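Here are some exercises to work through with the model open in your viewer. Try each task before you read its solution.

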Amino acid sequence: MHGDSIWLKEYEVPPAGGTSFYDALVDNTPISVDANYAQAYHYSVHVPAGQPAGVYTGSVTVKSSGGDVIIPVSVRVYAVTVPPANQSTFKQNNWFASVGWDYKGAELAIPEQYADAAAYSPNWWKVIASLARNQAKHRNNVIYTDFQALLIPNTTIDAAGNYSFGWATFDRFVKLFEDAGAMQYIYTPTLLEPHPNKDVGGKRPQLEMLKRGPDGKPQKVLVDPNTPETTAYLNKLFPALKAHLDAKGWTDKFYMSALDEPTEAAQVTAATWFYDIYTTYFPDPLTNEAHGYTFLPGAAENITTFTPYTDNYEDHTGYWQDQRLKGKELWLYVCIVPQDYQVNRLIGMHLAKSRLLPWLVWKIGGKGFQHWGWNYWAYKPDDIFRGYDTFDGPQTGDSYIVRPDKARYDVYDSVRSETQLDGVEDYELLNQLAADKPVTARAIADTVVTDIATFERSGQAVTERHKQILDALVSADAEPRFPYADDFSDASSARNWLVPINRASGQQESSWSVTGGEFVQPQVGAGWDKAVVNLKGRAYRDVAASADLRITGVSNTGGQTNWAGLMVRNLSGTEMDTGYLVAQRNNGEVFIVRSETTLARANVPGYVPGQGSRLRVVARGDTITVYAGANAAPLLTVTDKAYQAGDIALITGGAAARFDNVKINPETNPAEGRSITASSSYEGDGWSPHGAVDGERGSVAGRMGWSSHADLTTNHTESITVDLGSAKPISRVDLYPRADAGNVGRGFPVDFTIQVSTDRSNWTTVATRTGFTTPGAGAQTFPFPTIDVRYVKVEGTKLNRDPNNHYRMQFAEIEVAGGNLAAGRAVTASSSYEGDGWSRTALTDGQTRSAQGYSMGWSSHGTSTANATVDLAGPTRFSSVVLRPRTDGEALGASFPVDYTLQVSDDNATWTTVVTKTGQTRPGITGETLSFTPRTARYVRIAATKLSTDPVGDQRLQLAELEVR
């Protein structure tokens with residue numbers, strides 16, 4: 001298939017150095033294959049609903065003149081069912097040619113390709129039945145049905161203009177799709193069409209109307225809208241349509257569409273007239289229109305479902321998302337454009353782009369996808385129809401995705417239609433996964449597609465993510481958590497962040513780099529939504545995110561009102577119009593914006609332009625709390641349920657800025673930002689109850705921590721209690737002493753207990769200390785057997801003195817830990833390959849699914865032995881370690897150690913072996929769980945003495961994740 005009339009900025013090179021792109025999937029007939037030429041075949045296996053899970057094996061026989069070759073094949077079936085096409089959560093509307101529509105190419109498509117197949121002839125109906133079966137198979141569940149054109153054969157209009165609408169042909173047409181399982185919705189072509197004479201009518205549309213022709217039969221004519229004649233016509237047509245749809249049970253499945261790609265106010269005026277009449281008879285309608293390059297927000301107000309072209313969506317994301325949040329449905333569409341670095345289904349593009357269209361819809365919270373050309377079998381929409389060769393004639397891939405099987409009055413599929421089917425099934429699977437594991441679903445999607453121009457081109461990589469969805473659906477594992485901390489002391493940490501790609505140039509939108517121990521965005525002129533950098537391949541629900549930031553320059557536009565900050569829970573990590581933009585202006589104002597709507601704002605006391613500031617966001621459930629500057633108390637709190645899970649990003653708006661000490665805590669320390677009660681509290685000089693859980697482990701000006709404030713001259717009892725919000729499995733409490741110069745450890749209690757409770761009435765003591773020595777800086781760790789905990793109380797019964805000789809109990813921070821105790825902890829290793837998603841820090845980053853270029857895990861260099869050590873940052877009680885293998889495709893389990901020991905240590909010097917393994921076989925997706933008698937230790941080490949090979953044959957030790965529980 002030769003591409004024609006398009007200039008793709010990015011494309012696949014045709015195979016074997018040729019100039020043709022092979023798209024059609026045709027009959028399996030004998031062919032001659034030249035030596036050293038690879039002939040591709042498309043092989044698929046249908047798995048019926050209810051098929052028992054397991055691995056099924058079989059074979060394919062390739063017959064040739066040189067002898068038969070038997071190829072073994074296997075299929076793994078998961079206990080996961082995709083709903084049938086007519087029960088989908090995804091709405092796919094590939095416009096297909098039958099009758100009506102444009103009354104030109106749409107009506108010529110079938111008769112010009114099949115013999116004796118004039119409209120409504122037996123052969124025409126045979127083709128329509130084939131289309132229905134194919135669309136059910138490919139989940140095209142919105143059938144493009146010109147109800148008014150289908151009325152023509154059975155409608156009569158007398159000389160006085162009285163209508164008797166006949167529905168027999170319409171019913172027969174729809175019933176074919178309903179019986180095939182393809183009809184979940186009906187979508188009628190637009191009834192307001194461009195004026196045929198632009199010199200006379202300009203942009204003013206005309207209404208498609210049925211009128212009595214010279215031969216006494218109904219015919220379609222174009223007439224001016226909003227006239228007595230057309231108003232009277234619609235007041236006859238719409239009630240008749242409503243009564244018939246009600247009788248058939250199709251009313252709630254019927255989409256009306258007035259306009260296609262409106263560009264002028266005159267069109268909006270006509271559509272308003274049209275829908276005002278329509279909603280008189282359809283008070284709860286389904287209406288839908290495509291919006292092209294032109295942004296006409298008024299046009300969208302008339303409809304319940306809007307379908308912007310991808311560029312239109314990208315340029316006006318805030319508006320479209322605001323409409324979605326108000327209850328309207330969001331679809332996307334593409335056509336002959338885009339031709340640049342975006343997703344589309346044009347011939348010559350990477351096939352992954354066809355598959356990722358539904359993924360992109362899922363990521364933005366959309367419900368459907370639309371394309372204008374499924375079988376518009378013409379060279380160009382307004383050109384050659386007769387005798388057109390759909391196989392070898394020039395084509396862009398825009399106007400059709402299937403081809404006529406003339407002999408059988410059926411259609412041939414294409415590699416693009418099959419790939420698009422894969423994407424639609426992926427959408428259904430993502431929805432199923434998101435129902436129970438929204439963070440998992442979004443994290444997998446983030447490694448495939450970030451936005452319309454930043455996505456995976458490798459079909460193999462997308463297939464691997466498909467498998468990861470299935471693995472996650474059947475796994476009993478809880479949602480992953482992705483803790484992250486970065487002081488940018490290592491320039492290589494920039495690889496953890498993703499800068500968006502410009503859709504036109506294919507280049508990065510802005511310039512970010514690790515410079516001088518900070519993450520720097522130096523451009524003051526970068527666009528308001530372009531200077532953004534997304535933390536790669538991770539997603540978050542309940543999370544505390546913080547960063548030190550300093551604005552170093554502002555553009556002339558906006559001046560000191562320009563800003564820098566964080567994006568939390570945005571659907572596409574590289575934009576600012578979904579999720580929550582939390583930022584600080586250089587005039588000291590801090591604000592929260594959601595989809596162009598300001599939810600809250602307040603000023604940081606004493607802020608001076610250009611000074612450093614700490615910005616912290618705690619998002620839990622529907623509550624977003626913001627802390628800024630030197631104050632531990634909240635500056636802003638809003639309640640908003642629009643976005644419950646998404647990405648984390650750093651962002652600037654018209655400002656250059658430097659970021660440091662980025663910390664993301666996805667409930668690995670569930671005490672951060674929680675409610676505090678205390679027996680007494682000193683509030684001043686940086687001390688406050690909030691200071692005990694503000695994420696600041698040291699004592700710095702304005703954020704010292706918590707201090708009691710009662711009976712200062714008498715030793716007495718004080719307590720502080722953290723409410724974790726709900727019961728959680730906890731096995732460790734860390735108390736951080738005050739750490740300001742000259743006062744390290746002052747105020748730390750001498751005698752105290754740590755108590756836990758689920759109801760605040762019944763308490764269990766998990767730690768008791770007497771005569772505790774004044775500690776140095778750093779965590780004082782108190783491990784205990786795992787227990788469900790909502791409340792944590794530290795009660796000091798004998799206090800120490802503060803620098804003023806007063807009896808106080810003081811902590812810089814209180815943290816708790818449970819679940820995977822290794823999450824986010826430091827790692828050292830005998831060697832470490834740093835690249836392609838492999839890194840030392842990835843061993844404990846919470847990501848158990850290997851994703852090339854994102855997080856693969858940790859890998860040693862090629863060697864005969866290797867080891868890796870996790871520092872739990874204090875004595876910790878645990879009884880198992882889980883070793884997760886690499887999980888990328890056929891490399892699953894590669895380089896897993898064969899002979900190894902698991903060792904623990906208190907000091908990273910003296911080691912005790914708790915597990916010894918020899919002859920370890922290559923594991924499956926769940927990895928290897930090593931259980932042992934509960935131990936208390938700070939360090940955990942895996943030491944391998946015999947390694948297996950990676951996919952290229954090198955001996956390495958590779959793990960996707962190491963968990964301690």
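A crossing of two helices is right-handed if the near helix is turned clockwise from the far one by less than a right angle, and left-handed if anticlockwise. Keep in mind that this is a predicted model.

**Exercise 1. Work out how α11 and α12 lie against each other, and which residues make the contact.**

Solution.
- Start with the axes: those of α11 and helix α12 (residues 415–436) cross at roughly 30 degrees and come within 8 Å.
- Angles under 35 degrees count as roughly parallel. So α11 is roughly parallel to α12.
- For the hand, α11 passes α12 in a right-handed crossing.
- Now the side chains. From α11 the contact takes in L351, S354, R355, L357, P358, W359, V361 and W362. The α12 side includes V415, R416, T419, Y427, L430 and A434.
- Sort the residues of this contact by class and you get 11 nonpolar, five polar and four charged.

**Exercise 2. Do the analysis again for α11 and α13: what are the angle and the hand of the crossing?**

Solution.
- Helix α11 (residues 351–363) packs with helix α13 (residues 438–446) at about 135 degrees, and the axes are 11 Å apart.
- Angles over 145 degrees would count as roughly antiparallel. The two helices are therefore oblique to each other.
- The crossing of α11 past α13 is left-handed.
- On α11, the residues involved are W359, W362 and K363. They meet A441, R442, I444, A445 and D446 of α13.
- By class, that contact has five nonpolar, no polar and three charged residues.

**Exercise 3. Add α14: at what angle does its axis cross that of α11, and which residues meet?**

Solution.
- The α11 axis and that of helix α14 (residues 459–474) cross at roughly 35 degrees and come within 9 Å.
- This crossing is left-handed.
- A352, R355, L356 and W359 are the α11 residues here, and they meet G459, V462, T463, R465, H466 and I469 in α14.
- The class split for this contact is five nonpolar, three polar and two charged.
- Finally, follow W359 through the lists: W359 appears in the contact with α12, in the one with α13 and in the one with α14.

**Exercise 4. Find the residues with the most contacts inside the largest nonpolar core.**

Solution.
- As background, nonpolar side chains in soluble globular proteins tend to be buried together.
- The largest nonpolar core here has 118 residues, and F147, M256, F274 and W359 have the most contacts inside it.
- Take F147 as an example. Leaving aside neighbours within four places in sequence, F147 is in contact with W167, F170, T188, L191, L237, L241, F254 and M256.
- There is also a second, separate core of 46 residues, with V439, W512, I592 and L615 among them.

**Exercise 5. Decide whether W377 and D640 are buried or exposed.**

Solution.
- Buried means under 20% relative accessible area.
- W377 sits in the loop between β15 (368–371) and β16 (403–405). Its relative accessible area is 2%, so W377 is buried.
- D640 is in the loop between β30 (636–639) and β31 (647–653). At 9% relative accessibility, D640 counts as buried too.
- What does D640 touch? Not counting residues up to four places away in sequence, its contacts are Y580, R594, L599 and D622.

**Exercise 6. Look at the backbone: what is omega for the bond from V337 to P338, and what is phi for A873 and for S895?**

Solution.
- Most residues other than glycine have a negative phi, and most peptide bonds are trans.
- The V337 to P338 bond is cis, with omega near 5 degrees. P338 falls in the loop between β14 (329–333) and α11.
- A873 has a positive phi, near 65 degrees, and lies in strand β45 (residues 866–884). With a relative accessible area of 30%, A873 is partly exposed.
- S895 also has a positive phi, about 60 degrees, but its place is the loop between β45 and β46 (899–905). S895 is buried, at 0% relative accessible area.

Terms used: Residues are numbered from 1 along each chain as its sequence is written. This is a predicted model: local features need pLDDT of at least 70, side-chain atom pairs count only at pLDDT 80 or more; totals for chains, interfaces and linings use all residues. Side-chain values use heavy atoms; hydrogens and water are left out. Axes are lines fitted to C-alpha atoms, for helices over the stretch in contact, and angles run from 0 to 180 degrees between N-to-C directions. Helices (H or I, at least four residues) and strands (E, at least two) are DSSP runs, numbered from the N terminus. Angles under 35 degrees count as roughly parallel, over 145 as roughly antiparallel, 65 to 115 as roughly perpendicular and the rest as oblique. Contact means heavy atoms within 4.5 Å. Ala, Val, Leu, Ile, Met, Phe, Trp, Tyr, Cys and Pro count as nonpolar, Asp, Glu, Lys and Arg as charged, and the others, Gly among them, as polar. A nonpolar core is a set of buried Ala, Val, Leu, Ile, Met, Phe, Trp, Tyr and Cys residues joined through side-chain atoms within 4.5 Å. Buried means under 20% relative accessible area, exposed over 50%, partly exposed in between (1.4 Å probe, protein chains only).
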